[in-house]
Amino acid sequence: MGIKSLAVFCGSKEGRDPLFTIHTAELGAIMAARSLTLVYGGGNVGLMGTIANAVLAAGGTAIGVIPQLLADRERSHKGLTQLEIVPDMHTRKRKMYELCDAAVILPGGYGTLDEFFEMITWNNLAIHDKTLFVLNTNDYYTHLLMHIRKMYEEGFLYEDPWDKIRVLASPQELERYL
């Protein structure tokens with residue numbers, strides 16, 4: 001696939017399942033070992049902080065893109081390779097898409113889903129052609145993935161979503177696509 005940089009979309013909270021944090025840290029170590037640049041939301045808390053810290057601890061490169069609103073709340077990670085402060089969330093998403101070759105979706109909340117669906121939509125509209133990896137830790141996204149399949153089966157999607165979405169049960173499964 002020629003992947004050199006991965007956008008990682010994930011929660012600014014850790015969630016209740018400890019495996020979310022474990023998988024996030026494992027993904028960060030894999031990315032650093034494979035010299036994949038992390039592009040993420042620039043935060044220092046939750047799974048966002050975990051992925052950045054894991055990449056940096058293993059000697060990797062971490063680029064954060066954070067909107068001014070969140071930077072003002074002092075939620076930005078101060079130890080990144082590069083931190084870009086942008087005016088708003090829309091600019092953040094566009095910048096992250098420009099900087100990445102593919103994306104990994106980890107457990108998260110509304111923002112994570114927003115980023116996931118925007119990338120799927122942009123693929124569908126041929127704005128970009130990037131593979132999305134969904135790390136389905138402990139079946140976190142199983143119901144959502146079933147709903148996407150239902151949308152396709154019911155004729156609401158223009159193309160098979162599985163052409164661009166790869167579902168992973170563990171971070172190690174990403175390695176077969178690199």
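**Exercise 1. Two salt bridges in loops and at Arg-176**

Task: Which side chains meet Arg-176 and Lys-164 in salt bridges, and how exposed are the partners?

Solution.
- Step 1. Arg-176 and Glu-173 meet through their side chains in a salt bridge, 3.4 Å from N to O. A salt bridge here is a side-chain nitrogen of Lys or Arg within 4 Å of a carboxyl oxygen of Asp or Glu.
- Step 2. The model is predicted: local features need pLDDT of at least 70, side-chain atom pairs count only at pLDDT 80 or more, and totals for chains, interfaces and linings use all residues. Residues are numbered from 1 along each chain as its sequence is written, and side-chain values use heavy atoms, with hydrogens and water left out.
- Step 3. Arg-176 has 57% relative accessibility, so it counts as exposed. Glu-173, at 25%, counts as partly exposed. The cut-offs are under 20% relative accessible area for buried, over 50% for exposed, and partly exposed in between (1.4 Å probe, protein chains only).
- Step 4. Lys-164 and Asp-129 form a salt bridge at 2.7 Å, N to O. Lys-164 sits in the loop between α6 and β7 (165-168), and Asp-129 in the loop between α5 and β6, so the pair ties together parts 35 residues apart in sequence. Helices (H or I, at least four residues) and strands (E, at least two) are DSSP runs, numbered from the N terminus.
- Step 5. Asp-129 is exposed, with a relative accessible area of 59%.

**Exercise 2. Charges around helix α5**

Task: Which residue forms a salt bridge with Glu-118, and what is the nearest side chain of opposite charge to Glu-115?

Solution.
- Step 1. Count the salt bridges by the rule: there are seven.
- Step 2. Glu-118 bridges to Lys-93, with the closest N and O atoms 2.5 Å apart. Glu-118 lies in helix α5 and Lys-93 in helix α4 (residues 89-99), so the pair ties together parts that are 25 residues apart in sequence.
- Step 3. Both Glu-118 and Lys-93 are buried. A network of salt bridges links Lys-93, Asp-114 and Glu-118.
- Step 4. Glu-115 is also found in helix α5 (residues 110-124). Glu-115 is buried yet has no salt bridge. Its nearest side chain of opposite charge is Arg-92, 4.4 Å away. Lys and Arg count as positive, Asp and Glu as negative; His and the chain ends are not counted.
- Step 5. Beyond neighbours within four places in sequence, Glu-115 is in contact (heavy atoms within 4.5 Å) with Phe-9, Arg-92, Lys-93 and Tyr-97.

**Exercise 3. Leu-38 and the nonpolar cores**

Task: Where does Leu-38 lie, and which residues of the largest nonpolar core touch the most other members?

Solution.
- Step 1. Leu-38 belongs to strand β2 (residues 37-40). Its relative accessible area is 0%, so it is buried.
- Step 2. Leu-38 and Ala-62 are 24 residues apart in sequence, yet 4.7 Å apart in space, C-alpha to C-alpha.
- Step 3. Set aside neighbours within four places in sequence. The contacts of Leu-38 then include Leu-6, Val-8, Met-31 and Ile-51.
- Step 4. The largest nonpolar core has 24 residues; Leu-6, Val-8, Leu-27, Met-31, Leu-38 and Ile-51 touch the most other members. β1 (5-9), α1 (18-33), β2, α2 (46-57), β5 (102-105) and β6 (132-135) each supply at least two of its residues. The largest share, five residues, comes from α2. Such a core is a set of buried Ala, Val, Leu, Ile, Met, Phe, Trp, Tyr and Cys residues joined through side-chain atoms within 4.5 Å.
- Step 5. A second, separate core of 22 residues includes Ala-103, Ile-105, Met-119 and Tyr-141.

**Exercise 4. Aromatic pairs**

Task: How many aromatic pairs are there, and what is the geometry of Phe-20 with Tyr-140 and of Phe-116 with Phe-117?

Solution.
- Step 1. The rule gives six aromatic pairs. Rings of Phe, Tyr and Trp (its six-membered ring) pair if their centres lie within 6.5 Å; planes under 30 degrees apart count as stacked, over 60 as edge-to-face and the rest as tilted.
- Step 2. Phe-20 and Tyr-140 have ring centres 5.4 Å apart and planes at 80 degrees, so this pair is edge-to-face. Phe-20 lies in helix α1 and Tyr-140 in the loop between β6 and α6 (142-153), so the pair ties together parts that are 120 residues apart in sequence.
- Step 3. Phe-20 is buried at 9% relative accessible area, while Tyr-140 is partly exposed at 37%.
- Step 4. Phe-116 and Phe-117 make a tilted pair, 5.3 Å centre to centre with 50 degrees between the planes. Phe-116 is buried at 1%; Phe-117 is partly exposed at 29%.
- Step 5. Ring pairs also link Phe-9, Tyr-97 and Trp-122 into a cluster.
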